[in-house]
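Open the model in a viewer and keep the selection panel at hand. The stops below go from the whole chain to single residues.

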Amino acid sequence: MTIRIINRSKNSLPAYETAHAAGMDLRADTAETILLKPMERKLIPTGLHIELPVGFEAQIRPRSGLAFKHGIGIVNSPGTIDADYRGEIKVLLVNLGTEVFEINNGDRIAQMVVAKHETVNWDEVETLNDTTRGEGGFGHTAVK
Ligand SMILES: O=c1ccn([C@H]2C[C@H](O)[C@@H](COP(=O)(O)OP(=O)(O)OP(=O)(O)O)O2)c(=O)[nH]1
Ligand SMILES: [Mg+2]
């Protein structure tokens with residue numbers, strides 16, 4: 001599919017790094033180096049604005065390499081970009097590691113997955129179909 005995009009950064013457009021990757025890496029758009037101290041969170045600009053087709057969303061997900069090596073996560077993971085959002089895509093990084101993490105312009109800080117979603121109408125009722133699980137959850141199938 002083709003999606004309209006405005007790129008106000010000087011970085012290349014988000015791109016799939018391998019032939020069948022699900023996510024396109026997003027790059028930081030920042031004139032100055034951003035420092036993220038341990039347990040600190042910051043909204044990182046990308047300079048990108050997109051026009052998703054109705055019925056699609058974009059998910060902003062962490063990169064496992066940054067998570068593993070530096071403890072970098074996304075506070076609201078996965079972030080949701082709505083089809084009607086025209087603002088700049090931003091990434092809410094958090095440093096869960098023990099060292100200060102440096103972000104420079106063009107660094108690949110997160111990945112974006114474009115996905116279909118349903119739009120639901122509620123059918124409000126008094127009872128739901130019974131199942132073997134019933135109301136069991138939160139570990140109720142664990143071996144005792
Ligand atoms: O990681 C994110 C998450 C969201 N957004 C943008 C796109 C999204 O469409 C909008 C609103 O996001 P969300 O619905 O998650 O936030 P909210 O706190 O519910 O804000 P709002 O009241 O604006 O919906 O913010 C981002 O740029 N990055
Ligand atoms: Mg919202």
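**Whole chain.** This is a predicted model. Colour the protein chain by secondary structure: read from the N terminus, the elements run β-β-β-β-β-β-β-α-β-β-β-β-β. The radius of gyration is 19 Å, well over the 15 Å that the globule rule gives for 144 residues, so the chain is more spread out than a compact globule. Along the principal axes, the C-alpha trace spans about 55 × 40 × 30 Å. Of the 144 residues, 19% count as buried. Among contacts between residues at least 6 apart in sequence, 67% join residues at least 24 apart.

**Residues 12-141.** Select this range next; an unreviewed UniProt entry gives it the feature "domain: dUTPase-like". Over this stretch the chain is 5% helix and 37% strand, and its end C-alpha atoms are 47 Å apart.

**The five-stranded sheet.** Which strands make up the open sheet, and in what order? Select β2, β3, β12, β7 and β9: the order is β2-β3-β12-β7-β9, with antiparallel pairing. Look at the two edges, β2 (15-16) and β9: each has a single partner strand, so one side of each is left without a neighbour in the sheet. Strands of a sheet pair through backbone hydrogen bonds, which can be displayed at this stop.

Now zoom in on the β9 edge. Strand β7 (residues 56-61) pairs with β9 in the antiparallel sense over three bridges. Within this pair, Ala 58 has Ile 81 of β9 as its bridge partner.

**Ile 81.** Stay on this residue, which sits in strand β9. Is Ile 81 buried or exposed? Ile 81 counts as buried because 20 C-beta neighbours lie inside 10 Å, and 20 is the number at which a residue qualifies. Leaving aside neighbours within four places in sequence, Ile 81 is in contact with Leu 52, Glu 57, Ala 58, Ile 60 and Ile 89.

**Ligand 1.** Select ligand 1 and the residues around it: Ile 60, Asn 76, Gly 79, Thr 80, Ile 81, Asp 82, Tyr 85, Ile 89, Lys 90, Val 91 and Leu 92. Two elements give two or more residues to this shell, β9 (79-81) and β10 (90-95). Coloured by class, the shell has six nonpolar, three polar and two charged residues.

**The annotated binding site.** Make a second selection from the record: the unreviewed UniProt entry places the feature "binding site" at Arg 63, Ser 64, Gly 65, Asn 76, Thr 80, Ile 81 and Asp 82. These positions are spread over 20 residues of sequence and are also spread in space, up to 26.4 Å between C-alpha atoms. One of them, Gly 65, is found in helix α1 (residues 64-70). Gly 65 counts as exposed because it has 10 C-beta neighbours inside 10 Å.

**Ser 77 and Pro 78.** Move to the loop between β8 (72-74) and β9, where Pro 78 lies. The peptide bond from Ser 77 to Pro 78 is cis, with omega near -10°.

**Strands β1 and β6.** Select residues 4-7 and 48-51. Strand β1 (residues 4-7) pairs with β6 in the antiparallel sense over four bridges. Here Asn 7 has Leu 48 of β6 as its bridge partner. Show the side chains of β6 (residues 48-51): the covered face carries Leu 48 and Ile 50, and the uncovered one His 49 and Glu 51.

Then select Leu 13, in the loop between β1 and β2. Leaving aside neighbours within four places in sequence, Leu 13 is in contact with Ile 5 and Asn 7. Leu 13 has 11 C-beta neighbours inside 10 Å and therefore counts as exposed. Draw the C-alpha to C-alpha distance from Leu 13 to Gly 47: it is 9.9 Å, for residues 34 apart in sequence.

**Two positive phi values.** Finish with two backbone checks. Met 39 lies in the loop between β4 (34-36) and β5 (41-45). Phi of Met 39 is near 70°, a positive value in a residue other than glycine. Met 39 is exposed, with 11 other C-beta atoms within 10 Å. The last selection is Phe 138, in the segment after β12 (108-116). Phe 138 has a positive phi near 55°, in a residue other than glycine, and is exposed, with 6 other C-beta atoms within 10 Å.

Methods:
Residues are numbered from 1 along each chain as its sequence is written. Chains are lettered from A and ligands numbered from 1 in the order in which they are written. This is a predicted model: local features need pLDDT of at least 70, side-chain atom pairs count only at pLDDT 80 or more; totals for chains, interfaces and linings use all residues. The radius of gyration is taken over C-alpha atoms; the globule rule is 2.2 Å times the number of residues to the power 0.38. A residue is buried if 20 or more other C-beta atoms lie within 10 Å of its own, exposed if 12 or fewer, and partly exposed in between; C-beta atoms are placed from the backbone. Two residues are in contact if their C-beta atoms, placed from the backbone, lie within 7 Å. A residue is near a molecule or strand if its C-beta atom, placed from the backbone, lies within 6 Å of it. Ala, Val, Leu, Ile, Met, Phe, Trp, Tyr, Cys and Pro count as nonpolar, Asp, Glu, Lys and Arg as charged, and the others, Gly among them, as polar. UniProt positions are given in the numbering used here, feature names are shortened, and annotations may be inferred rather than shown by experiment. Two strands pair if DSSP finds at least two bridges between them.
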